[in-house]
Amino acid sequence: MALVPLMVAVGVAWAAATDNMFPTESTGSSCLLGMGHPPCQTDNREVYFYMDSSGEYKLESEDQSKVNAAIDGEYRPTDLAFHYDSSPVFEGSAETDIIYQEGSTGIPDSADGRTWCNASGGERYNCDQQYIRIRGNGNYTYGLVCHETGHAVGLQHGDYAIPMLNKTDSRLGCMTTPVQSNDLGSNNRENIDGTY
């Protein structure tokens, strides 16, 4: 009888269609700083986020609403615990985990948003602070916030997954490229919950 619960637990662990959580064999295992590198895992399950409220990368109120809606609808139901940080920390060992910005600086013309690690975490595969920058003028959508937040917690595109999936495979939920869904999806939820 002791084997039955073990078999059920193993079955649940392998229900995900693919492993698209950083690191994978396709990304390497070290978190690299700066734009242009695959995003890394956040450094713990308690995720503190801030939405830029002034200056060049300020989010308008409608974009802030989309961030809050995507976090509430897609990420709070996972094992991650998201908290808004009204007094963000930008240096040191306890930096705010995710900084949301609006703007196009550093984003290739072919992309609507970018996520990158700004400060490495305690392990080689995680990040203490990640930036999410999404273009304005209607590009700040629920689905794109879901996608870029997925990168900030370590989710990758299908071509970095093991087994590899087409970047538009619907099992990737909002992690498809281009974004075709607002839903995080069961595959991504299982990868998040299995990691955090």
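Is C127 buried or exposed, and which relative accessibility does it have? Keep that question in mind while you open the structure, which is a predicted model, and select C127: at 0% relative accessibility, this cysteine counts as buried, because the cut-off for a buried residue is under 20%.

**First stop: C117 and C127**

Add C117 to the selection and display both side chains, since a disulfide joins C117 to C127, with an S to S distance of 2.1 Å. The link spans distant parts of the chain, for C117 sits in strand 5 (residues 113–120) while C127 belongs to strand 6 (residues 126–134), and the two cysteines are 10 residues apart. If you set a torsion about the S-S bond of C117 and C127, you should find about 100 degrees, so this disulfide is right-handed. C117 has a relative accessible area of 2% and is therefore buried.

**Second stop: C31 and C40**

Next, select C31 and C40, which are joined by a disulfide with 1.9 Å from S to S. The link of C31 and C40 is right-handed, with 90 degrees about the S-S bond, and both C31 and C40 are buried.

**Third stop: C146 and C174**

Now move the selection to C146 and C174, where another disulfide is found, its sulfur atoms 2.1 Å apart. Here, too, distant parts of the chain are linked: C146 lies in helix 3, whereas C174 lies in the loop between helix 3 and helix 4, 28 residues apart. The link of C146 and C174 is left-handed, with -60 degrees about the S-S bond. C146 is buried at a relative accessible area of 0%, and C174 is likewise buried, with a relative accessible area of 0%.

With these pairs displayed together, the count comes to three disulfides. When the bonded cysteines are counted along the chain, the pattern of the links reads 1-2, 3-4, 5-6.

**Fourth stop: helix 2**

Leave the cysteines and select residues 61–75, which form helix 2, a run of 15 residues that reaches 20 Å from its first C-alpha to its last, close to the 21 Å expected at 1.5 Å a residue. Colour D63, V67, A70, I71, E74 and Y75 within this selection, as these are the buried residues of helix 2. They cover an arc of only 100 degrees around the axis, which puts them on the same side of helix 2. An α-helix has 3.6 residues a turn, so residues three or four places apart point the same way.

Turn the view to the face of helix 2 that points away from the buried side, and you will meet the exposed residues S61 and E62. Then return to the buried residues of helix 2 and show what covers them, which includes strand 2 (46–51), strand 3 (81–84), strand 4 (98–102), helix 3 (142–152) and helix 4 (185–195).

**Last stop: D159**

Finally, select D159 in the loop between helix 3 and helix 4, the loop that also holds C174. At 27% relative accessibility, D159 counts as partly exposed. Which residues is D159 in contact with, leaving aside its neighbours within four places in sequence? Display S26, M164, L165 and K167, and you have the contacts of D159 on that basis. To end the tour, draw a distance from D159 to E91, C-alpha to C-alpha: these two residues are 68 residues apart in sequence and 33 Å apart in space.

How values were computed. Residues are numbered from 1 along each chain as its sequence is written. This is a predicted model: local features need pLDDT of at least 70, side-chain atom pairs count only at pLDDT 80 or more; totals for chains, interfaces and linings use all residues. Side-chain values use heavy atoms; hydrogens and water are left out. Helices (H or I, at least four residues) and strands (E, at least two) are DSSP runs, numbered from the N terminus. The expected span of a helix is 1.5 Å times one less than its number of residues. Buried means under 20% relative accessible area, exposed over 50%, partly exposed in between (1.4 Å probe, protein chains only). The arc is that of the directions from the helix axis to the C-beta atoms. Contact means heavy atoms within 4.5 Å. A disulfide is a pair of cysteine sulfur atoms within 2.5 Å.
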